[in-house]
Amino acid sequence: MLERTYLIKPSLDDTLPMIDYGKGIYLYDMEGKKYLDGASGAVTANIGHGVTEIIEAMQEQAKKISFVYRSQFTSEAAEKLAEKISALTPADLNWCFFVNSGSEAVETAMKMAIQYWQEKGIHTKTKVLSRWVSYHGITLGALSLSGHTGRRARFVPLLEDFPVMNPPYCYRCPYNLEAPSCGYLCAQELEQAIKRIGANHIAAFIAEPVIGAAGGAIAPPKDYFKTIKKICEANDILFIADEVMTGFGRTGSMLAMEQYGVIPDIVALGKGMGAGYAPIAAALASEKVIEPILAGTKVVMSGHTLSANPQSCAVSLAVLEYLEKNKIVSEVESKGDYLKNRLLKLKNDYSFIGDVRGKGLLLGIEFVEDATTKTPFSREALVTQKMISFAKEKGLLVYPAGAGIDGVNGDSIIISPPLTITKDELDDLLTLLKATFDAFTMELKSGGV
């Protein structure tokens, strides 16, 4: 037992269990307690823990070289990974810029979009618009794009005002309408924002296919993104998809945008790209975006010391090959449908479940005090934190998220187990989740909420 900690944790006075090891969808702490990883950590461990093939790839690369600086050398691992990503993603999304985190991927995507217009001789297009109830990263550029009021609050004087429109939050539609008869008015808000700001000032628009941390897996209706892309094209604005959470199979296809019939100009990737085995992310650009840069300065103005790190690239390549070899992505939709249908049944048993939503194995549950009026619990009730705590006590890890109301109020969790989870393991997850909800029900009855 440590006498004291020197580590800054998410909460400075947290006493967290000490992890020992992981295997498959399970984690084990130093006390021997077993946890079902129903969150894939932070929607990251897409192929589970302790996979032998990935460990072997780590060892093989480490024997060769673990670090080179990207302006001095390229590496076989980086070149092969870029080729693999080009092959796995649609259309002409062929150019990879490797970085270390999703926040860096978003910042690089934003810089690429602005530089694209500069290389074409247009220097007024410097804004990248986004939506409220969104999260794109914690660095200042990515946070400027994020419409997550809770995470923006401390740094507002340093941030740009990039969020301009409502999310596709059908459970609490601001227009009190239903898709598709609503005409996707929340998407049409982008057109209004463009008119107010001026298309000549806007380089790009960014959005998460499924809203994660800020909205508890808010998935838009079918043709929402077709409307968005049409508006972008009509106004000479690039479309950036933030697939840091959804990329590489989380929703049932390599990119979630494929399921909406839309091809972005730039994609931010991360999380599942390395599946937690190594820090790696990427900005993926189309031929259209790279063409003027290649014909101009030939330099994408971004980069980090560990960009295209060969050790991380080798790991990511092994992860993507593992996904392919085992045909994991092809089973995600059916697993997600099974899990979502079971969650919807639980909704009938617990009055505090307001909404079940999401896509594939990225599902969200929003909690409410009154399901009929959709009234949220008070912030003081700390419902999300209590749900996380009860679940952890039962041996289940789930992911905390905003509900999508305003970035401050409302409660939700994300259920996002490794894509390799089996049907029997899904049933185990559901049993633990039910035990969590039963514990919360007792808390309600005792007046503790």
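Is Cys 173 buried or exposed? In this predicted model, in which residues are numbered from 1 along each chain as its sequence is written, local features need pLDDT of at least 70, side-chain atom pairs count only at pLDDT 80 or more, and totals for chains, interfaces and linings use all residues. Side-chain values use heavy atoms, with hydrogens and water left out.

Cys 173 is buried, as its relative accessible area is 19%; buried denotes under 20% relative accessible area, exposed over 50%, and partly exposed the range in between, with a 1.4 Å probe and protein chains only. In general, a disulfide is a covalent bond between the sulfur atoms of two cysteines. Here the term is applied to a pair of cysteine sulfur atoms within 2.5 Å, and a search of the whole structure returned zero such bonds. Cys 173 accordingly takes part in no disulfide, the nearest cysteine sulfur being that of Cys 182 at 6.3 Å. Cys 232 is likewise unpaired, because its sulfur lies 14 Å from the closest cysteine sulfur, in Cys 186, which is too far for a bond. Cys 232 is also buried, with a relative accessible area of 1%.

Salt bridges were then examined, each defined as a side-chain nitrogen of Lys or Arg within 4 Å of a carboxyl oxygen of Asp or Glu. The search of the whole structure identified 16 of them. One of these joins Lys 325 to Glu 53, with the closest N and O atoms 3.8 Å apart. This pair links distant parts of the chain, since Lys 325 belongs to helix H10 (residues 310-325) and Glu 53 to helix H2 (residues 52-64), 272 residues apart. Helices are DSSP runs of H or I with at least four residues, numbered from the N terminus. Lys 325 counts as exposed at 60% relative accessibility, whereas Glu 53 counts as partly exposed at 33%.

Helix H10 contributes to a further salt bridge, in which the side chains of Glu 324 and Lys 84 meet at an N to O distance of 2.6 Å. This pair also links distant parts of the chain, with Glu 324 in helix H10 and Lys 84 in helix H3 (residues 76-88), 240 residues apart. Glu 324 is partly exposed, with a relative accessible area of 37%.

Helix H13 (residues 423-445) comprises 23 residues, which at 1.5 Å a residue should span 33 Å, and its end C-alpha atoms are 33 Å apart, in agreement; the expected span is 1.5 Å times one less than the number of residues. Its buried residues are Glu 425, Leu 426, Leu 429, Leu 430, Leu 433, Thr 436, Phe 437, Ala 439 and Phe 440. An α-helix has 3.6 residues a turn, so residues three or four places apart point the same way. Within H13, Lys 434 and Asp 438 are four residues apart, about one turn of the helix, and their side chains meet in a salt bridge of 3.7 Å, N to O. Lys 434 is partly exposed at 36% relative accessibility, and Asp 438 is partly exposed at 32%. Elsewhere, salt bridges that share partners join Arg 172, Asp 355, Arg 357 and Glu 366 into one network. Just after H13, Gly 447 adopts a positive phi of about 85 degrees.

Thr 384, in helix H12 (residues 383-394), is buried with a relative accessible area of 8%. With contact taken as heavy atoms within 4.5 Å, and residues up to four places away in sequence not counted, Thr 384 touches Pro 400, Ala 401, Asp 411, Ser 412 and Ile 413.

How values were computed. Helix = DSSP H or I, 4+ residues; strand = E, 2+ residues; numbered from the N terminus.
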